[in-house]
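Grab your viewer and work through these exercises one at a time. Try each task yourself before reading its solution.

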Amino acid sequence: MVAGKDMTVLIKHNTRRWPRHHLDVPIRVIVHSDSKTSVIQGRGNELSEGGMALTAGVELRPGDQTEIEFTPPFWAAHIRIRGIVRNRTGYRYGMEFVAGSEQEVEQVNRLRTVLCVMSSA
C-alpha cells in the first residue's frame with residue numbers, strides 16, 4: 001500500500017443475459033464455405049439460452065458463422081442452430097445462437113425447455 005494514494009476496489013458484476021449451465025456433450029460444428037462444407041467434432045462445455053461455449057479443433061475467427069448440432073441432456077432429439085463466434089481462446093469458442101428462421105426459433109424454444117429441466121434437476 002502506498003501512502004497518500006487513493007485505493008480503488010473493483011467489483012465484478014455478472015453481466016450475462018442468461019444463466020450458464022455446465023455440461024459436457026458431443027457436438028458437431030458445421031462450417032460452410034464457397035467450395036465445401038466441413039463437419040468438425042467437438043465438445044460443448046457450457047450452455048445458455050443465448051449460446052454455447054465449446055471446444056473444437058477448427059480455426060474460426062470472431063464473426064464467423066457456423067451451425068452447431070448437439071443433443072442436450074434430458075432430451076431425445078438433437079438441436080441444430082446457427083451460431084456466430086463471439087470470442088476465442090485457443091480452440092475454445094464462445095458462440096452466440098442466431099435464430100433467423102421459424103425452425104431455428106423453434107430450436108431455441110426447445111432449448112429453453114431443456115434448460116428449465118436442467119435447472120430443476
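**Exercise 1. Decide whether glycine 90 is buried, partly exposed or exposed, and place it in the fold.**

Solution. Keep in mind that you are looking at a predicted model.
- Step 1: get the relative accessible area of glycine 90, which is 43%.
- Step 2: compare that with the cut-offs, where buried is under 20% and exposed is over 50%. Glycine 90 is therefore partly exposed.
- Step 3: find its neighbourhood. Glycine 90 belongs to the loop that links strand 5 (79-89) to strand 6 (92-98).
- Step 4: check one distance across the chain. Valine 58 is 32 residues away in sequence, yet the C-alpha to C-alpha distance to glycine 90 is 9.8 Å.

**Exercise 2. Work out how the strands on either side of that loop pair, and which residue asparagine 87 stands opposite.**

Solution.
- Step 1: recall that strands in a sheet are joined by backbone hydrogen bonds and can run parallel or antiparallel.
- Step 2: count the bridges. Strand 5 and strand 6 have 7 of them, and the sense is antiparallel.
- Step 3: look across from asparagine 87, and you land on glycine 94 in strand 6.

**Exercise 3. Describe the surroundings of arginine 92 and classify its exposure.**

Solution.
- Step 1: locate arginine 92, which is part of strand 6.
- Step 2: its relative accessibility is 34%, so arginine 92 goes down as partly exposed.
- Step 3: list the contacts, skipping residues up to four places away in sequence. Arginine 92 touches Asn45, Glu46, Ala53, Leu54, Thr55 and Asn87.
- Step 4: pick out the polar one. The side chains of arginine 92 and asparagine 45 make a polar contact at 3.0 Å.
- Step 5: add a longer reach. Leucine 60 is 32 residues from arginine 92 in sequence, with 10.0 Å between their C-alpha atoms.

**Exercise 4. Is aspartate 64 buried or exposed, and which backbone nitrogen does its side chain reach?**

Solution.
- Step 1: aspartate 64 sits in the loop between strand 3 (51-56) and strand 4 (65-70).
- Step 2: its relative accessibility is 18%, so aspartate 64 counts as buried.
- Step 3: follow the side chain of aspartate 64 to the backbone nitrogen of arginine 61, 2.8 Å away.
- Step 4: leaving out residues up to four places off in sequence, aspartate 64 touches Gly83, Ile84 and Val85.

**Exercise 5. Trace the overall architecture, from the order of elements to the closed barrel.**

Solution.
- Step 1: tally the elements, and you get 1 helix and 6 strands. Reading from the N terminus, they go β-β-β-β-β-β-α.
- Step 2: follow the neighbours around the closed barrel, in the order 1-2-3-6-5-4, with antiparallel pairing.
- Step 3: check the twist, which averages 45° from one strand to the next.
- Step 4: look at contact range. Among contacts with a separation of 6 or more, 51% join residues 24 or more positions apart.

**Exercise 6. Find out which elements give two or more residues to the largest nonpolar core.**

Solution.
- Step 1: the largest nonpolar core holds 23 residues, and those with the most contacts inside it are Val29, Leu47, Met52, Leu54, Phe70 and Phe97.
- Step 2: the elements giving two or more residues are strand 1 (21-32), strand 2 (37-48), strand 3, strand 4, strand 5, strand 6 and helix 1 (102-120).
- Step 3: strand 1 gives the most, with 5 residues.
- Step 4: zoom out to the whole protein, where buried residues are 38% of the 121. The protein exposes about 8,100 Å², and carbon and sulfur atoms supply 51% of that.

Technical notes. Residues are numbered from 1 along each chain as its sequence is written. This is a predicted model: local features need pLDDT of at least 70, side-chain atom pairs count only at pLDDT 80 or more; totals for chains, interfaces and linings use all residues. Side-chain values use heavy atoms; hydrogens and water are left out. Helices (H or I, at least four residues) and strands (E, at least two) are DSSP runs, numbered from the N terminus. Buried means under 20% relative accessible area, exposed over 50%, partly exposed in between (1.4 Å probe, protein chains only). Contact means heavy atoms within 4.5 Å. Accessible areas come from the Shrake-Rupley method with a 1.4 Å probe; for residues, only the protein chains shown count as cover. A polar contact is a pair of N or O atoms within 3.5 Å; within protein, one must be able to donate a hydrogen and the other to accept it, and residues adjacent in sequence count only if both atoms are side-chain atoms. A nonpolar core is a set of buried Ala, Val, Leu, Ile, Met, Phe, Trp, Tyr and Cys residues joined through side-chain atoms within 4.5 Å. Two strands pair if DSSP finds at least two bridges between them. Axes are lines fitted to C-alpha atoms, for helices over the stretch in contact, and angles run from 0 to 180 degrees between N-to-C directions.
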